[in-house]
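Please study the sequence and the structure shown below before attempting the exercises. Each task is followed by a worked solution.

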Amino acid sequence: MSSDHPLPETRFYGVGVSPGIARGTVHAVRDDAEEVAQYHITPAEIAGEIGRFETALIQTRAQILEMQQKIAEAIGAKDAGIFDAHLLVVEDRTLIDEVLRKLEADLCNVEYVFQEVATHYADTLSKIDDPYLRERALDIQDVTRRVVRNLQGKAPKAFLALTDPHILIAHNITPSDTATMNREQVLGFATDLGSRTSHTAIMARSLNIPAVVGLHDVSAKLETGQEVLVDGYNGLLILNPTPETLWHYGELRHRQEQVAAQLTGLRETKSMTRDGRHIVLSANIELPNDVAAVAKNGAEGIGLYRTEFLYLNRQTLPTEDEQFESYRKVAAEVAPHPLIIRTFDLGGDKIASGMPADDELNPFLGLRAIRFCLEHLDIFKAQLRAILRASTAGNIKIMFPMISGVAELRRAIAVLEECKAELRQEGLAFSDETEVGAMIEIPSAALCANALAKEVDFFSVGTNDLIQYAIAVDRVNERIAHLYEPTHPAVVRLLKMVADAAHAHDIWVGVCGEMAGDLTMVPLLLGLGMDELSVSASLVPRVKKAVQTLSVPECEQLVADAMLLDTPAEILARCGEVAQRHYGDLIG
Ligand code: PEP
Ligand code: MG
């Protein structure tokens, strides 16, 4: 189309989950098996088809090798070994010979023939009652998609193989996809599924990648190569932005840069309210590399290390020694500030390929987090031993996720004590002072907080889960995202119970869910008496600025008012008033 007839601008509305603006070319990822067209060829065209086939196999091999190398660099050669099986598929003589034979017999285009032969091959293997052969069937399907895409001249699907900067558009992106994303190449992303508190969104914030999720069917509407703009502030994806739109976003970016420049000056300042109450402001991290952003943004240590992210892209769980090294390094880097290590929260939307798992109908209510660890003591103990051994390198605290009641907490603590006894016997050093905490993220734990407080040194409230379980709203389901309301009166009451119980037993209480980084919620959390807020590193300067402009009595009054209100909207409006009054420029 000529410049006289610019392509029309189209706007798609979703949920902005990671702030920022990104502009670029779409790379659309489609997960479903794509239709492969069938057409007839003449005998004279067979040689040409064989040539195309050979080129596609060579190209596929090169892509697999490149991916293998990238994974080896990122997480170690051992894990990159899974691609050896993929390489074997492109070299499989039986498969290749069958394609050549069928090409001559059927006189059809080679992508169609190859897809037919490979699918038949994979189907046969998948029906044999042998886990190894079933795995091979998956390898064949994976490689088949890649070869077919190469024959069709399409870009490879795997995010890791992409070498040009792009905006990723997909039906869904899993937390493990995000964990392996190349920050240099992925300028922004937009997905049909997802919500603010999905782990994919949390990772996007950590990586500082502007992202919009919950766009329903956008992945079916956009094509690779189109020009888009991702507005992660307002949850907008704009196809073919007009010059006016680009100008508007240029201005917005400029304003945001000015705010960011002002906030940089806060790095060395304390997170203290106007009336002198120190609120510990820490950062959440998912991967060891995130640690650089902690001090850079002026956080006082790490309030939540989601250790399970270390394992989401591996075939095997890491050994105790590997974990020890990893925790030791992070602890030393943030010392003397604390590093709060949360034990594995595998399950829910985080499934590691190496973990023993069965399909579950309701994974968020299933064998997740502490439940999984207490069922797999070998995995749990290896992690606890590694954490304890690393504890001499810094100020490490341990916390258990998804605690539902006292008996479960006591079981977890007993395993920890068992690990300490083993280490003592083996003469391995650890700090006996290591504080132990419980995450409060299940309503039953909030209701029993008085009893739990007697067993631990601190509480950290996981509002992402607490809200989903309190209101029965799946945190990753975009269709009910409007029901996911942090200011629901039930949530406010649960939070109050937890804070009051902690203080009645002289332990500290923090919030490490996404609510802590929501500037509108900060006055409510301070009024409830939270001692610590742990947020994405990139949000630390904004939250610090908010804390510095607030005073405790005003926040306590807000809570008193909120306790008299009956709807989430009314409570949200009151929080919004306080936030706007003090730092309207930060919330826009
Ligand atoms: C939470 O549930 O609020 C939390 C911090 O843990 P995660 O988001 O990893 O479930
Ligand atoms: Mg949680």
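The exercises that follow concern a predicted model.

**Exercise 1. The magnesium ion**

Task: Determine which residues coordinate the magnesium ion (ligand 2), and where they lie in the chain.

Solution.
Step 1. The magnesium ion is held by an OE atom of E441 and an OD atom of D465, at 2.0 to 2.1 Å.
Step 2. E441 is placed in the loop between β13 (435-440) and α16 (443-447), while D465 belongs to helix α18 (residues 463-471). The two are 24 residues apart, and the pair links distant parts of the chain.
Step 3. Both E441 and D465 are buried.

**Exercise 2. The surroundings of ligand 1**

Task: Identify the closest residues to ligand 1, and describe the contacts that R368, E441 and G462 make with this ligand.

Solution.
Step 1. Ligand 1 is surrounded by 17 residues, of which H199, R306, R342, N464 and R475 are the closest.
Step 2. Two side chains are examined next. R368 has a polar side-chain atom 3.1 Å from an oxygen atom of ligand 1. For E441, a side-chain N or O atom is 2.9 Å from an oxygen atom of the ligand.
Step 3. G462 takes part through its backbone: an N or O atom there lies 3.4 Å from an oxygen atom of ligand 1.
Step 4. E441 thus appears in two settings, as it also coordinates the magnesium ion.

**Exercise 3. Two cavities**

Task: Describe the volume and the lining of the largest cavity and of the second largest cavity.

Solution.
Step 1. The structure contains 2 cavities of 30 Å³ or more. The largest encloses about 70 Å³ of space, and the second largest has a volume of about 30 Å³.
Step 2. The largest cavity is lined by 15 residues, and those closest to its centre are R306, R342, E441, N464 and D465. Helix α18 makes the greatest contribution to this lining, with 3 residues; β10 (302-306) also supplies at least two.
Step 3. By class, this lining has 7 charged, 5 polar and 3 nonpolar residues.
Step 4. The second largest cavity is lined by L57, V89, V90, L95, I96, F114, V143 and V147. At least two residues come from each of α3 (82-90), α4 (93-106) and α6 (131-151).
Step 5. In this second lining there are 8 nonpolar residues, with no polar and no charged ones.

**Exercise 4. An enclosed helix**

Task: Explain why helix α8 (residues 199-207) is described as largely enclosed.

Solution.
Step 1. A residue counts as buried when its relative accessible area is under 20%.
Step 2. In α8, 9 of the 9 residues are buried, and the helix is therefore largely enclosed by the rest of the structure. Among them are H199, M203 and R205.
Step 3. Just after α8, N208 takes a positive phi of about 60°.

**Exercise 5. Backbone geometry in loops**

Task: Locate H216, D506 and P336, and state what the backbone does at each place.

Solution.
Step 1. H216 sits in the loop between β6 (211-213) and α9 (218-221). Its phi is positive, near 65°, and at 48% relative accessibility H216 counts as partly exposed.
Step 2. D506 occupies the loop between α19 (489-504) and β15 (508-511). Although D506 is not a glycine, its phi is positive, about 55°. With a relative accessible area of 73%, D506 is exposed.
Step 3. P336 is found in the loop between α12 (320-334) and β11 (338-342). The peptide bond from A335 to P336 is cis, with omega near 10°.

Note on methods: Residues numbered from 1 in each chain as written. Chains lettered and ligands numbered in written order. Predicted model: local features only at pLDDT ≥ 70, side-chain atom pairs only at ≥ 80, totals over all residues. Heavy atoms only, no water. Donors = N, O, S within 2.8 Å, 3.2 Å for Na, K, Ca; no water. Helix = DSSP H or I, 4+ residues; strand = E, 2+ residues; numbered from the N terminus. Buried < 20%, exposed > 50% of the residue type's maximum accessible area, 1.4 Å probe, protein only. 1 Å grid on protein atoms, 1.4 Å probe; cavity = no way out; pocket = protein on both sides within 12 Å on 5 of 7 lines; lining within 4 Å. Points joined across faces, edges and corners; volume = space filled by probe spheres on them. Nonpolar A, V, L, I, M, F, W, Y, C, P; charged D, E, K, R; others polar. Near = heavy atom within 4 Å. Polar contact = N/O pair within 3.5 Å; in protein donor to acceptor, adjacent residues only side chain to side chain.
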